[in-house]
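Student: I'm new to this structure and would like to zoom in on a single part of it. Could you pick one helix and walk me through what surrounds it?

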Amino acid sequence: MATKAVAAKPAAAKPVAGIDIGINEKDRAKIVEGLSHLLADTYTLYLKTHNFHWNVKGPMFNTLHLMFEAQYNELALAVDLVAERIRALGYPAPGTYSEFAKLTSIPEPVGVPKAEEMIAQLVEGQEAVVRTARKMFPVVDAANDEPTADLLTQRMQVHEKTAWMLRSLLEA
């Protein structure tokens, strides 16, 4: 008789003991909470962009196919940077679809939208990541966490520029 796999209940994220980087555990936990949302948004946007890369069609196919590929490749690298910052702060990084689904602010697409709708959804996704990152600054600044502030600033610059480029495709 086959046994049914039972999903393990995720353990509460506990920090690694003995970390003394000049940011207290309470502040690190708040920063990690925000970074976990950023990671989930970034990964969800990666999946959406990759999905659209595979499924785009129409007169702008080649342009969008290549643009989406460049964007999902950049997002794949970004996911690693955010997760590694979480680890450097002494916490485990979320890394499952179910965790990301709970943490993300970006909705999954329904079906396969037309090319213009794909672009519009990706603009919304890029802007959502910027908003998630921007919300973190009060906690990061109060903790004097310059490495996280730098990461957030770099991510915001990329996402704002990408949103602008995508938005430009929708203008007449």
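Tutor: Let's take a close look at helix α6, after a quick view of the whole chain. Keep in mind that this is a predicted model. The protein chain averages a pLDDT of 92, and 91% of the residues score at least 70. One stretch to treat with care is residues 1–11, where the pLDDT is below 50 and the model shows 0 contacts beyond near neighbours in sequence.

The overall plan is easy to follow: the protein chain has 6 helices and 0 strands. Its C-alpha atoms fill a box of roughly 55 × 55 × 20 Å along the principal axes. Of its 172 residues, 41% count as buried. If you take contacts between residues at least 6 apart in sequence, 78% of them join residues at least 24 apart.

Now for α6 itself. It covers residues 146–170, which makes 25 residues, and from its first C-alpha to its last it reaches 36 Å, close to the 36 Å expected at 1.5 Å a residue. Which of its residues are buried? They are T148, A149, L151, L152, R155, M156, H159, T162, A163 and L166. As you read along that list, it helps to remember that an α-helix has 3.6 residues a turn, so residues three or four places apart point the same way. The buried residues of α6 pack against α1, α2, α4 (115–135) and α5 (137–142).

Let's follow the link to α2 a bit further. M67 sits in helix α2, which spans residues 61–88, and apart from neighbours within four places in sequence, M67 is in contact with L166 and L169. L166 is one of the buried residues of α6. M67 itself counts as partly exposed because its relative accessibility is 22%, and the cut-off for buried is under 20%.

Charged side chains add another link here. A search of the whole structure finds 4 salt bridges, and one of them joins E74 and R155, with N and O at 2.6 Å. E74 lies in helix α2 and R155 in helix α6, so this pair ties together parts that are 81 residues apart in sequence. The two partners are not alike in burial: R155 is buried, with a relative accessible area of 5%, whereas E74 is partly exposed at 27% relative accessibility.

What about the partner of R167? The side chain of R167 meets that of E127 in a salt bridge, again given as N to O, at 2.6 Å. R167 lies in helix α6 and E127 in helix α4, so parts 40 residues apart in sequence are tied together. R167 is partly exposed, with a relative accessible area of 32%, and E127 counts as partly exposed at 28%.

Finally, look at the loop between α5 and α6. D145 is in that loop and forms a salt bridge with R85, whose closest N and O atoms are 2.7 Å apart. R85 is in helix α2, 60 residues away from D145, so to speak of distant parts of the chain being linked is fair. Both D145 and R85 are buried.

Definitions and conventions:
Residues are numbered from 1 along each chain as its sequence is written. This is a predicted model: local features need pLDDT of at least 70, side-chain atom pairs count only at pLDDT 80 or more; totals for chains, interfaces and linings use all residues. Side-chain values use heavy atoms; hydrogens and water are left out. Helices (H or I, at least four residues) and strands (E, at least two) are DSSP runs, numbered from the N terminus. Buried means under 20% relative accessible area, exposed over 50%, partly exposed in between (1.4 Å probe, protein chains only). Contact means heavy atoms within 4.5 Å. The expected span of a helix is 1.5 Å times one less than its number of residues. pLDDT is the predictor's confidence in each residue, from 0 to 100.
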